[in-house]
Amino acid sequence: MLWDGCQAVAEIALVALPSTNITKKEEALGAPKSFKPVFLACFVIFFLCGVKAGLCLTAEEIAWKVYNRPIGKDSEAQTLMILIDAKGREKVREMKIFNREDEKARYMLVRFLSPKDIAGTAFLAISYHKGGDEQFLYLPALKRTRRIAGSFRFHRFVNSDFFYEDLTRRYPPKYHHELLGEEEIQNTPCWVIKSWPKNKKDSIYGYWIEWIIKDGFFHARIDYYDRKGKLWKRLSSRRWEKIQGYWTILDSEMEDLKKKHKTVLKVQKIIYDQGLDPRLFTRRSLERW
Amino acid sequence: MDLSGTFLSRGTLDLTHDRPLEDQTSDREYLKVEARFDLSERLEGKLGLRLDRLAFYGNHNGREETRLEFWESYLRFLGKNTEVTVGNQIIRWGKADEITVLDNLTWQDLRELFTWRLEERERPWPWLRVQHFFQNFTLEGVFTLWPMWPKRDDFDSDWAVFDHLRLALKRAPLPFPLEIDLDKQKLSPSLRNSEFGLRLQGVFREVDWEISFLHAHNRSFYYYVRRFPLRGLDIEHPAEPIKDLRAAFPNLRILGNTARIDRPQDNILGFAFETTWRGLGLRGEFAYHTGRVFMKKDLESVQKPYWRYVLGLDYRFENGLYLNLQFLQQHILGWSEKILFDPEYDSYIFLRLSKGFLRDFLELRLDGTYGITTRIYYLNPEIAYKFRDNWELFGGFHLIDGPKGTFFDVYDNNDQVYLGLKISF
């Protein structure tokens, strides 16, 4: 519906434009007689765009909005990751996720608390606003922090259905985006956007279709397709709430549709804007275990 | 307080019973328990104990060693920009992975030589460690009164420095009886025997770098044999020393039955880096030693200036295959032909491949080392299966070979198959 609204605005503009022909003479005089129709057309366009409150966003603009979605100055979340195999058997991973943002970058630190064989493992991702990122992994058994190469993004995140790629921000200029339309998911209006990497090395997926919730710019669902165009995985947000003024996905599920297993991610507790120490997001902090 | 622990058990079986004196099976178990605690906002600590058992069984006899030792046990003061840690701790320097030339602050348990991965060989040591974190770099100092060297068995194991030589001498049909014993220098903790080092670390355009200096005792797996009691011996077949002994008999001078082992000091200057490039992880280390220990053909040792470097890369393919490749080159300054195992220039390639299946609960691994100069190789294919969280079953082979006269030739008969279980709790 809203998509139709945007198209209507464009059509009005196209109708108005032919009446804005300006002769060279008039141009030379600097005061075209047809100034009024032009002005009116522009006014109508901008007014309608304004009324629709940004509904004319392009796919790229939506991708940027998602990329820059407010997540607070910082946050600390207690999270459960539940791995469910094809027979329904469950394995649980417990972790703490810390986020922080400053004028330079967004920082995310994930520390595993259980099971014991991975407890202490920590992952630090720094995503710069101007593109580019750095990732570090601390393994307690090695007693060393390793800088992780880009190819690591294709690695499975602690036996789950998430790849490291799924946990990091996608810098919009690295991908093509196409607005497919609008749909409702769980009675919530969404934009439907298709994205695919400009360079193959930036993603293990061929493309993905994302349902972006308009009120909040976060995903309700993402369908991931492999390079052959076959549906591979589905990430579904099952419950979300506004907490301390920030939209927060509290329960989501990544399902491997080919292998029939899935991973559920549940935020048990989250606190925003408590003034986390920036030193928490350093290699010094990673190695404190 | 957070309590955790690990139990690990591994049994090995020799693949060929081709020598009269050899271990046919071995088993290793350890139980490690650790407690992490915060005493205040600025003070935290760790207390760890480890019960370790290693046993070898062979044709001739069995041998067992059980020890209870402190694992990581330290107190750490956390200042705003400074950390001070005192106690038994594992400190890793350097940026490279399995093959590292700068990771010299922990002692290594080499009683089964390299058949365990680096992280399983390393043991904590009592250090005073001070780290100061500046805006763009970190300065670190370490100091210990306790001199450190790797631990190896002297005799009576397939991996021992002198293999089964003592027993072989007893049994060998020699014209007169020969015995050999070791007199190892005992160094007490003191300023004179202390070890210390400095390291500066920083980041420059997404390249992590470090430069370091360490004054330490010999970290080589060769003993520093100052005096060997048999003169006129020239080892040409290290895997068959009795053969060389018989050949040397006409010119052999016997000065007693005790070999004197000293613990000389060494200085290590190092540089390391780590970065990423086009999906690759790139790492490198360079070390210069003022006096590294090497074994000579007369079974005495010599200290030589020495440098070596290692360059490594790793990459993870989309199909989940992980590749880690390292190249090491070393050069002995003032090399002479009397040096037993090591050529003047020596190069190695190390390869690690792994691939996960069943959501990575099942993993196939292959570690391989190839000596480009000496044409030696070591292969370690392994399969590991986490059949439930915290429970891992693993098994594989250690396959070693090398031409006559090389270090790996000594262990040529030690090919083995192994099976183990690791439980975390």
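## Overall build of chain B

How many helices and strands make up the secondary structure of chain B? In this predicted model, chain B has four helices and 26 strands. Its radius of gyration is 23 Å, close to the 22 Å that the globule rule gives for 425 residues, so chain B is as compact as a globular protein of that length.

The C-alpha trace of chain B spans about 70 × 50 × 45 Å along its principal axes. Of the 425 residues in chain B, 31% count as buried. Sequence-distant pairs are well represented in the contacts: among those with a separation of 6 or more, 57% link residues 24 or more positions apart.

## Strand pairing around β17

β17 of chain B covers residues 258-262 and runs parallel to β11 (residues 181-184) of chain B. Four bridges join the two. One of the pairings sets K184(B) against I261(B) of β17(B).

β17(B) also pairs with β14 (residues 224-227) of chain B, this time antiparallel. Three bridges make that connection. Here V225(B) stands opposite I261(B). I261(B) thus has K184(B) as a bridge partner and V225(B) opposite it.

## Interface with chain A

Which parts of chain B each supply at least two residues of the side that touches chain A? First, the totals: 25 residues of chain B are in contact with 24 residues of chain A. Three strands of chain B each supply at least two residues of that side: β18 (265-277), β19 (280-295) and β20 (301-316).

By residue class, the side of chain B that touches chain A holds eleven charged, eight polar and six nonpolar residues.

Notes: Residues numbered from 1 in each chain as written. Chains lettered and ligands numbered in written order. Predicted model: local features only at pLDDT ≥ 70, side-chain atom pairs only at ≥ 80, totals over all residues. Contact = placed C-beta atoms within 7 Å. Nonpolar A, V, L, I, M, F, W, Y, C, P; charged D, E, K, R; others polar. Rg over C-alpha atoms; globule rule 2.2 N^0.38 Å. Buried ≥ 20, exposed ≤ 12 C-beta atoms within 10 Å, placed from the backbone. Pairing = 2+ DSSP bridges.
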